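Biologist: Could you take me through this model, beginning with its overall form and then turning to the surface?

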Amino acid sequence: MEIIVGLLVIGIVVILFISHAFPSSLDANSDGKVDLEDAEKLAKDVLNKTKAAADLNNDGVVNAEDVKVAATKVKAAADKGVKKVKSKLKK
């Protein structure tokens with residue numbers, strides 16, 4: 001949870017920083033100005049997308065089960081990489 005909150009804070013800072021460079025593109029609530037309300041809406045959108053992306057087993061919750069899925073995928077990729085390296089070393 002701390003990671004998500006940290007990412008949210010970083011996202012808000014980035015949004016506010018970019019808003020000075022591209023003000024019209026960040027008017028998330030279409031009220032004609034870029035302000036904290038836009039940053040809040042954009043941050044909520046990012047948080048929702050982050051949660052959806054982190055829910056690896058698609059059960060609607062981000063928890064240890066998703067970490068297990070990620071670990072399984074990383075292990076499978078690592079095993080595949082090790083097999084590749086071993087086959088190249090045999091040549």
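**Overall form and surface**

Modeller: The protein chain has a radius of gyration of 20 Å, whereas a compact globule of 91 residues would have one near 12 Å. Please keep in mind that this is a predicted model.

Biologist: What box do the C-alpha atoms fill?

Modeller: Taken along the principal axes, the box is roughly 65 × 30 × 20 Å.

Biologist: And what does the secondary structure come to?

Modeller: The protein chain has three helices and zero strands. Along the sequence, the pattern reads α-α-α.

Biologist: How much of the chain is made up of buried residues?

Modeller: Buried residues account for 12% of the 91 residues in the protein chain.

Biologist: How far apart are the C-alpha atoms of Leu36 and Asn57?

Modeller: Their C-alpha atoms are separated by 34 Å, and the two residues are 21 apart along the chain. Leu36 belongs to helix α2.

Biologist: Is Leu36 buried or exposed?

Modeller: Leu36 is exposed, because its relative accessible area is 60% and the cut-off for exposed is over 50%.

Biologist: Let us change to salt bridges. How many are there?

Modeller: The count comes to five salt bridges. I can describe some of them, beginning with Lys75 and Asp79, whose side chains meet at 2.8 Å, N to O.

Biologist: How are Lys75 and Asp79 placed in helix α3?

Modeller: They are four residues apart in helix α3, so about one helical turn separates them. Lys75 counts as exposed at 53% relative accessibility, while Asp79 counts as partly exposed at 33%.

Biologist: Which salt bridge does Lys44 make?

Modeller: The side chain of Lys44 meets that of Glu40 in a salt bridge of 3.6 Å, N to O. Both residues lie in helix α2, which covers residues 36-54, and they are four residues apart, about one turn of the helix.

Biologist: How exposed is Lys44? And Glu40?

Modeller: Lys44 has a relative accessible area of 48%, so it is partly exposed. Glu40 is also partly exposed, at 46% relative accessibility. Neither value is over 50%, the cut-off for exposed.

Biologist: What is the partner of Lys33?

Modeller: Lys33 forms a salt bridge with Asp35, and the closest N and O atoms are 4.0 Å apart. Asp35 counts as partly exposed, because its relative accessibility is 22% and buried would mean under 20%.

Biologist: Moving on to surface patches, which residues form the positive one?

Modeller: The positive surface patch is formed by Lys80, Lys84, Lys88 and Lys91. One of these residues, Lys88, is found in helix α3, residues 64-90.

Biologist: Is Lys88 buried or exposed?

Modeller: Lys88 counts as exposed, because its relative accessibility is 62%.

Biologist: Which residues make the nonpolar surface patch?

Modeller: Ile3, Leu7, Ile10 and Val14 make a nonpolar surface patch of about 400 Å². Ile10 is placed in helix α1, which spans residues 2-21.

Biologist: Why does Ile10 count as exposed?

Modeller: Ile10 has 54% relative accessibility, and the cut-off for exposed is over 50%.

Biologist: Please restate the main points on form and surface.

Modeller: The radius of gyration is 20 Å, against a value near 12 Å for a compact globule of 91 residues, and 12% of the residues are buried. On the surface, Lys80, Lys84, Lys88 and Lys91 form a positive patch, and Ile3, Leu7, Ile10 and Val14 make a nonpolar one.

Technical notes: Residues numbered from 1 in each chain as written. Predicted model: local features only at pLDDT ≥ 70, side-chain atom pairs only at ≥ 80, totals over all residues. Heavy atoms only, no water. Patch = residues over 30% accessible without salt bridge, like charges linked within 9 Å, V, L, I, M, F, W, Y side chains within 5 Å. Areas by Shrake-Rupley, 256 points an atom, 1.4 Å probe, with all protein chains shown as cover. Lys, Arg positive; Asp, Glu negative; His and termini not counted. Charge placed at Lys NZ, Arg CZ, Asp CG, Glu CD. Helix = DSSP H or I, 4+ residues; strand = E, 2+ residues; numbered from the N terminus. Buried < 20%, exposed > 50% of the residue type's maximum accessible area, 1.4 Å probe, protein only. Rg over C-alpha atoms; globule rule 2.2 N^0.38 Å.
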